[in-house]
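Biologist: I would like a close look at one part of this model, namely a hairpin and the backbone of its loop. Please take the backbone angles and the solvent exposure together.

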Amino acid sequence: MTTRLIPGWVHGSCIDMDGSGLLIIGASGRGKSALSLDFIGLGGRLVSDDQVELLTEGPVVHARGKPGFEGLIEARYLGILRGPYCAQTTLKLVIDLDRCETLRLPPPRHVKIGVNDVDLILGRNLPSLAIASKLWLLSGPVRQAELDQ
């Protein structure tokens, strides 16, 4: 399964975890900012909340936020908060909060951004999503071929 995002401005939130970026997409009210706050609690830095600019440079996809909104994130029912941020990150993972994963051990999924494929997690209703996604960024998922060795 491949989904496509067009470089430019997208509706979503972006976090940098130790130099690896993850983009959280989904409909309004789906929990993008709440998940971003979970990642910040795990040591992440906010790149952008609500609007993210995707830029392709050869085999790399960069993500950055709107100037003037650095470090600002909405915490629903609390207000706008200021947190740790970085201006830009290299995108390694996209989490789609609109779609549910139906397979216990899913195949690799990707989203195409320009000509680049970026790993994709179908994240709606997944338990421990922030922690599992952080582990994904640290070492990637274990593929079946590795288990068969």
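Modeller: What follows covers the hairpin, then another loop residue with a similar backbone feature.

This is a predicted model, in which local features need pLDDT of at least 70, side-chain atom pairs count only at pLDDT 80 or more, and totals for chains, interfaces and linings use all residues. Residues are numbered from 1 along each chain as its sequence is written, and side-chain values use heavy atoms, with hydrogens and water left out.

The strands β8 (72-75) and β9 (79-82) flank the loop that holds Tyr77; strands are DSSP runs of E with at least two residues, numbered from the N terminus. β8 and β9 run antiparallel and are joined by four bridges, where pairing requires that DSSP finds at least two bridges between two strands. Ala75 stands opposite Gly79 in β9. Three residues lie between the strands of this hairpin, and Tyr77 takes a positive phi near 70 degrees there. Most residues other than glycine have a negative phi. Tyr77 counts as exposed because its relative accessibility is 80%; exposed means over 50% relative accessible area, buried under 20%, and partly exposed in between, with a 1.4 Å probe and protein chains only.

Asp18 also belongs in this account. Asp18 is not a glycine, yet has a positive phi of about 55 degrees. The loop that contains Asp18 runs between β3 (13-17) and β4 (20-25). With a relative accessibility of 64%, Asp18 counts as exposed.
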